[in-house]
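Q: Please take a close look at one part of this model and describe it in plain terms. I would like a connected account rather than a list.

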Number of protein chains: 2
Amino acid sequence: MGNRQAKNALFDGFAEVAKALGNGRRVELVDVLAQGERHVEELAGEIGQSVANTSHHLQVLAAAGLVTTRRDGNRIYYQLTSGDVEHLWTVLRSVASTHLDDLEQLAVDYLGNRSRLEEISRDELARRLEDGTLIVIDVRPEAEYAAGHIRGARSVPIDQLSNMLRGLPTDVEVVAYCRGPYCVFADDAVRLIRRRSRKARRLQDGYPEWRTAQHPTEANLLP
Amino acid sequence: MGNRQAKNALFDGFAEVAKALGNGRRVELVDVLAQGERHVEELAGEIGQSVANTSHHLQVLAAAGLVTTRRDGNRIYYQLTSGDVEHLWTVLRSVASTHLDDLEQLAVDYLGNRSRLEEISRDELARRLEDGTLIVIDVRPEAEYAAGHIRGARSVPIDQLSNMLRGLPTDVEVVAYCRGPYCVFADDAVRLIRRRSRKARRLQDGYPEWRTAQHPTEANLLP
DNA sequence: CTTCTCCTCAAGTAACTTCTTGAATAGATG
DNA sequence: CATCTATTCAAGAAGTTACTTGAGGAGAAG
């Protein structure tokens, strides 16, 4: 057996990256950053932590090479270093959901019962986008919509949904989407819309998966 | 923002899996287990740790759903829960090597200078296997060979290589492989063989990648 | 230059991790 | 049944991590 010390150091190096994802708040940060770049204060709000603590977590992610920064005026914007990082997160998510016994229960506790939420696949939505026979709403925070969204979608952050529904004909079908399979905004939106006796479905997964699947997107078009 | 506590718990769940890979010794265990099942004592030897400590690390991996066990007589064999886990490890490895600045140096410290080690691609090796114009040697520990190896390869653990070379014609080309891109056995083998003025190359990556690429394998055929 | 804003750093505490040692246990073997 | 063996558990020392609070610093704006 070769040089044990050097071997340990190398594998500790790989573990360094895993360790960076080894904290729920940092995983949340990666999930949010997969939607597009954000500045620290916003990120702190998203993960429900102090700015100082959020900054610290971002430093840990940066030290592992998972995020980079860009300054624009007074603000510092964080972004994922590359699509690889997003890919690592989706693989981690999928392994956890397949192999970690407790995860299903945790998901139910957070998301509630999804059995009555109908989904629409990316391919079907892509087809129906052409017809114009449905309305697509992006229920993520506005900053994420601004950073990139499904082409033709309208930004309707979840707290504005009720208002928005008032101006909508009752016979039109709505598709809601948000960050990914474990994002609760779209579920809440679909439940609310269905309670108002309209037809609503949730897009399978979320925006990053739509983008990765090379379906049409656009950015910075506020409604 | 929905239920912060439930959301935290869910993302802590994902982080649980990352945390399980957040230790160099556990990553080594996964790398070894990607070769095939092994029992605790062997695993302890591979990662250079006490049996008790190795057992503890295996419990951590098991709690995250990454490994399962099987009893055979007096021994307990650990294995990766599924190919997904191996996939997660390869993605982690690739992200680390691309994005973690220090990793290159750590790899050089462990593996040495690879610039003079010629590689052979999986596809080329698969083609040349048919001709019989080269010899393929598996320089991993014998237990890993027994658990599965490239079809037609011969088990030559690295400490037996010198002996084995004596009985070999000098004009035959040798291809050596081991566990993966960061495994040092095949490098050492190629260097040693070249010092003896024979032609030798290292297979790109290692056995798990060969198997994943659906090239021919076999098991339990000791030479 | 001064002030303001956004972000990072430092210090401190409580809770976890890793690894060691020695004892305990479950199951196989005789 | 008793014994043996491979593995796990338990307790403790040394180090690390997460989060809080308050101070510090870099750049923008006035």
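Of the atoms of DNA strand D within 4 Å of the protein, what share belongs to sugar or phosphate, and what share to bases? Please describe the surface near this strand along with the answer.

A: This is a predicted model. Of the atoms of DNA strand D that lie within 4 Å of the protein, 81% belong to sugar or phosphate, and the rest belong to bases.

The protein side of this contact can be described next. There are 22 residues around DNA strand D, and those that come nearest are N23(A), H57(A), S55(B), I76(B) and Y78(B). Sorted by class, the surface near the strand has 11 polar, six nonpolar and five charged residues. Several elements supply at least two residues each: α4 (51–63) of chain A, and α3 (40–47), α4 (51–63) and β3 (75–80) of chain B. With four residues, α4(B) gives the most to this surface.

Some side chains can be placed against particular atoms of the strand. The side chain of H57(A) has an N or O atom 2.6 Å from a phosphate oxygen of DNA strand D. For Q59(B), a polar side-chain atom lies 3.3 Å from a phosphate oxygen of the strand. The side chain of N53(A) has an N or O atom 3.2 Å from a sugar or linking oxygen of DNA strand D.

H57(A) also has a place inside its own chain. It is part of α4(A), and it takes part in the contact between that helix and α2(A). The axes of α2 (residues 24–33) of chain A and α4(A) come within 10 Å and cross at roughly 80 degrees. The two helices are therefore roughly perpendicular to each other. From α2(A), the contact is made by R25(A), R26(A), L29(A), V30(A) and L33(A); from α4(A), by T54(A), H57(A), L58(A), V60(A) and L61(A). By class, this contact has six nonpolar, two polar and two charged residues.

The two protein chains can be compared as well. Chain A can be laid on chain B with an RMSD of 0.0 Å by a turn of 180 degrees and a shift of 0.0 Å along the axis. The two copies are thus related as by a two-fold rotation axis. Of the interface residues of chain A, 100% are also interface residues in chain B, so the copies meet through the same surface.

Finally, there is DNA strand C. Among the 22 residues around it, S55(A), Y78(A), N23(B), H57(B) and G73(B) come nearest. Here sugar and phosphate account for 83% of the strand's atoms within 4 Å of the protein. The element that gives the most to the surface near DNA strand C is α4(A), with four residues.

Definitions and conventions: Residues are numbered from 1 along each chain as its sequence is written. Chains are lettered from A and ligands numbered from 1 in the order in which they are written. This is a predicted model: local features need pLDDT of at least 70, side-chain atom pairs count only at pLDDT 80 or more; totals for chains, interfaces and linings use all residues. Side-chain values use heavy atoms; hydrogens and water are left out. A residue is near a molecule or strand if one of its heavy atoms lies within 4 Å of it. A polar contact is a pair of N or O atoms within 3.5 Å; within protein, one must be able to donate a hydrogen and the other to accept it, and residues adjacent in sequence count only if both atoms are side-chain atoms. Ala, Val, Leu, Ile, Met, Phe, Trp, Tyr, Cys and Pro count as nonpolar, Asp, Glu, Lys and Arg as charged, and the others, Gly among them, as polar. Axes are lines fitted to C-alpha atoms, for helices over the stretch in contact, and angles run from 0 to 180 degrees between N-to-C directions. Angles under 35 degrees count as roughly parallel, over 145 as roughly antiparallel, 65 to 115 as roughly perpendicular and the rest as oblique. Contact means heavy atoms within 4.5 Å. Copies are superposed by least squares on the C-alpha atoms of residues with pLDDT of at least 70 in both.
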